[in-house]
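Please work through the exercises below with the sequence and the 3D view side by side, trying each task before reading its solution.

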Amino acid sequence: MTSSSSQISYKFKHHTPEYISGFLASATNIILTYPINKLIFRQQIFCLKTIDAYQQLKNEGLNILYRGIPLPLVQKTLSLSIMFGTNSHYLHIFQSFSKNDHWYYQPLASALAGSTEAILTPLERTQVLLQTPKYNHLIRNINHAFILIYQHYGIIEYYRGVTFILIRNSLSNMIFFTCRKPLKDILPKTSSNFQHTIYDFLTGGLLGACLSTFIYPINVLKNIQQSKLNDRYDSSINIFLKVYKQRGNSLKEFYIGAKWNFLRSLISWGIINSTYEYYLTVIRKAIFNDNEI
């Protein structure tokens, strides 16, 4: 009994650093990049030029600029905590099936981690409503948004856009976790902690920016779908065709705001990847050194 309890405790401790590090890395990133994210969101929804989106936010003022930031702090920190933590968990489970470390274990673990993140869809859904200007006066705050959706539209309304979220999360996680280490290994070898941090920033930023640009149209469709209340539920294909027609039958129009999104992702994922590795090292030392003592 004692041996079994010790094994469970060890397994929990073994993956705890990944959950905590993902949480802290995300919090660090959100605080630094929230205003840029809001500008990009306005471009996605209203097909605005950068200067027009900036002017819109400027006219609304500082209070509106940071309106709703507690929600992404909760949603994104939990999301990255789940992303890094469950990826480690699922990978460990797959590796326990065989002595051989098959190449497909990592993509499968990453896809499952992305699917697990989708449980936070209600938080992302509410965040989109709080960022949509036409609801500035209808929805007062986070609590009001949750109550309004539940009382007037039902639980299913919390999960509007979940299909796009599942596709986005699974695809991006598979590529990110599969390519992250090989990309860093290409860089010159170093024993300097500072250089390792720079490498983590560069590889995470470049990978995140490329991935974010790749899945940008999915986010556009997801945000458009989630910016509506009590609207009809169309299939993902119908939503794509409708938006495609609205934007002049041009795929290029799906990438309005993509240049700022690339820059934001370059900075964001650079911050996330480098701070994640830093927090992971510190927390692992704290947990396992204490355990050994």
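The exercises that follow deal with a cavity, a helix, nonpolar cores and single residues.

The model is predicted, and local features need pLDDT of at least 70, side-chain atom pairs count only at pLDDT 80 or more, while totals for chains, interfaces and linings use all residues. Residues are numbered from 1 along each chain as its sequence is written, and side-chain values use heavy atoms, with hydrogens and water left out.

**Exercise 1. The cavity**

Find how much space lies in the largest cavity, and state which helix supplies the largest share of its lining.

Solution. Begin with the term: on a 1 Å grid over the protein atoms alone, a cavity is a set of points where a 1.4 Å probe fits but cannot get out, and lining residues have an atom within 4 Å of a point. A search of the whole structure finds 1 cavity of 30 Å³ or more. About 880 Å³ of space lies in the largest cavity, a volume being the space filled by probe spheres set on the grid points, which are joined across faces, edges and corners. Next, look at the lining, where 43 residues take part and where Lys 76, Arg 168, Asn 219, Arg 264 and Trp 269 are the closest to the centre. Helix 1 gives the largest share, 9 residues, and the helices that each supply at least two residues include helix 4 (70–95), helix 8 (162–186) and helix 12 (258–292). Helices here are DSSP runs (H or I, at least four residues), numbered from the N terminus. Finally, sort the lining by class, which gives 17 nonpolar, 20 polar and 6 charged residues; Ala, Val, Leu, Ile, Met, Phe, Trp, Tyr, Cys and Pro count as nonpolar, Asp, Glu, Lys and Arg as charged, and the others, Gly among them, as polar.

**Exercise 2. Helix 5**

Compare the expected span of helix 5 with the distance between its end C-alpha atoms, and then decide whether helix 5 is mostly covered or uncovered.

Solution. The expected span is 1.5 Å times one less than the number of residues, so the 13 residues of helix 5 (residues 105–117) should span 18 Å, and this agrees with the 18 Å between the end C-alpha atoms. As for cover, 10 of the 13 residues of helix 5 are buried, where buried means under 20% relative accessible area, exposed over 50%, and partly exposed in between (1.4 Å probe, protein chains only). Among the buried residues are Tyr 105, Gln 106, Pro 107 and Glu 117, and what covers the buried residues of helix 5 includes helix 4 and helix 8.

**Exercise 3. The largest nonpolar core**

Name the residues with the most contacts inside the largest nonpolar core, and the helix that gives the most to it.

Solution. A nonpolar core is a set of buried Ala, Val, Leu, Ile, Met, Phe, Trp, Tyr and Cys residues joined through side-chain atoms within 4.5 Å. The largest has 15 residues, and Leu 221 and Val 243 have the most contacts inside it. Helix 1 (2–46), helix 10 (216–226) and helix 11 (236–246) each supply at least two residues of this core, and helix 10 gives the most, 5 residues.

**Exercise 4. Two loop residues**

Determine where Cys 47 and Asn 249 lie.

Solution. Cys 47 is in the loop between helix 1 and helix 2 (50–60), and its phi is near 60°, a positive value in a residue other than glycine. Asn 249 lies in the loop between helix 11 and helix 12, with a positive phi near 55°.

Definitions and conventions: On a 1 Å grid over the protein atoms alone, a cavity is a set of points where a 1.4 Å probe fits but cannot get out, and a pocket is an open set with protein on both sides within 12 Å along at least five of seven lines; lining residues have an atom within 4 Å of a point. Contact means heavy atoms within 4.5 Å.
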